[in-house]
Every structure is written in structure tokens, then in C-alpha cells.
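Welcome! Open your viewer, and let's take a short walk through this structure together, one selection at a time.

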Amino acid sequence: MKPEGEDTAYGRFALGLFKILDGPVSLVREKFVEPMKANHTNVYYHRRYRRVNTIDLCEVDDPVCIYEANEQYFRDKSVDSTIVKILRQRRIECMQWEGADAVYKCKKVADDYENAATNWFIKYGDIGANGNVIDAYMKQKHRLIWHRRNPDKSLY
């Protein structure tokens, strides 16, 4: 059984034109592109870094460990900042799309953003643009001390 349109003159013309235009493209893809892709199955554009020791596991006189911990901190900060940026954009788009109903229709998106932004600020906030892993570790240490001294109060 033939597909619809092949029995008419216009259908035969359209199919012939399609084969003329698509033939070289399909040939190049099947003969050159797909065999080359089969040789390179690994994904090259997502570099995976192994996790390194955090700053609390580094010795004081080990600059290599401190440098690696600092680089890991900057990678983590970049990933966390991107996540917060994406969630913020989702919240803005939801608010604009839903209009007056956004208060209850976008509640989950807004709560996810607020939770991520709060966690980002707990970890990276008030450190400054030139902050490093040692500054973040000291901030965490001071926060834990404050919680130990003030168990009845909450920061957020």
C-alpha cells in the first residue's frame, strides 16, 4: 500500500524533490558523520573533577591541599550560584505566566527558590567577592558556635 499522495502527479513530484534534496545529506550523515561518532562515544564537554579534601582535612603547612580545597570551593560556588540563578529565572517566568494566580500556582517554584537562596546565603553570603575556602570555613565555624551558645534562637 502506497502512502497518501504518491499516486498523484504532485505527490510524485514532491517525493522526487525530497529525495533529490535529502539524498546527499543522508549519504554524508550515514557514511561520514555516524561512523566518526561511533569512534568517540565518550562525552567530552562535561569534565568531571574528583572531589578533593575539604579545608578542615588539610594540614596547616600543606599548600597543595589548601589550593585544591580552594579550587573545589570555587567550583562548588559556581555550581550553586548557577542553580540559584536557574531557580530564580523559573520563579520569574512562572510569576509572569500565571499572573494573578501566581501566589498559589507558583508556590512550589517560589519555595524551591527561597530554600536554595537561603542555603546559598548561609554558605557563601557575607564573605565578599574575594572570599576563599578559609573564609567560608571560619563563617561555618562561627555559625556553629553561635548555635551552640544560643540553642533557643534560630537564624532563619
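**Start at the pocket**

In this predicted model, begin with α5, the element that gives the most to the lining of the largest pocket, with six residues. Now add α2 and α4 to your selection: each of these, like α5, supplies at least two residues of that lining. The space inside the largest pocket comes to about 380 Å³. To find its centre, select Y73, K123, V133, A136 and Q140, the closest to it of the 18 lining residues.

**Along helix α2**

Next, select residues 63-98, which make up helix α2. How far apart are its end C-alpha atoms? They are 52 Å apart, and this agrees with the span expected for 36 residues at 1.5 Å a residue. Just past α2, click on G99, which takes a positive phi of about 70 degrees.

Then colour the buried residues of α2, among them C65, A69, Y73, D76, V84 and C94. What covers them includes α3 (102-105), α4 (107-124) and α5 (133-149), so show those as well.

**A stop at K77**

Finally, zoom in on K77, which lies in α2. Which residues is K77 in contact with, leaving aside its neighbours within four places in sequence? They are W120, Y124 and G128. K77 is buried, yet has no salt bridge. Select D135 too: this is the nearest side chain of opposite charge, and it is 9.3 Å away from K77, whereas a salt bridge would need the charged atoms within 4 Å.

Methods
Residues are numbered from 1 along each chain as its sequence is written. This is a predicted model: local features need pLDDT of at least 70, side-chain atom pairs count only at pLDDT 80 or more; totals for chains, interfaces and linings use all residues. Side-chain values use heavy atoms; hydrogens and water are left out. Helices (H or I, at least four residues) and strands (E, at least two) are DSSP runs, numbered from the N terminus. Buried means under 20% relative accessible area, exposed over 50%, partly exposed in between (1.4 Å probe, protein chains only). Lys and Arg count as positive and Asp and Glu as negative; His and the chain ends are not counted. Contact means heavy atoms within 4.5 Å. The expected span of a helix is 1.5 Å times one less than its number of residues. On a 1 Å grid over the protein atoms alone, a cavity is a set of points where a 1.4 Å probe fits but cannot get out, and a pocket is an open set with protein on both sides within 12 Å along at least five of seven lines; lining residues have an atom within 4 Å of a point. Grid points are joined across faces, edges and corners, and a volume is the space filled by probe spheres set on the points.
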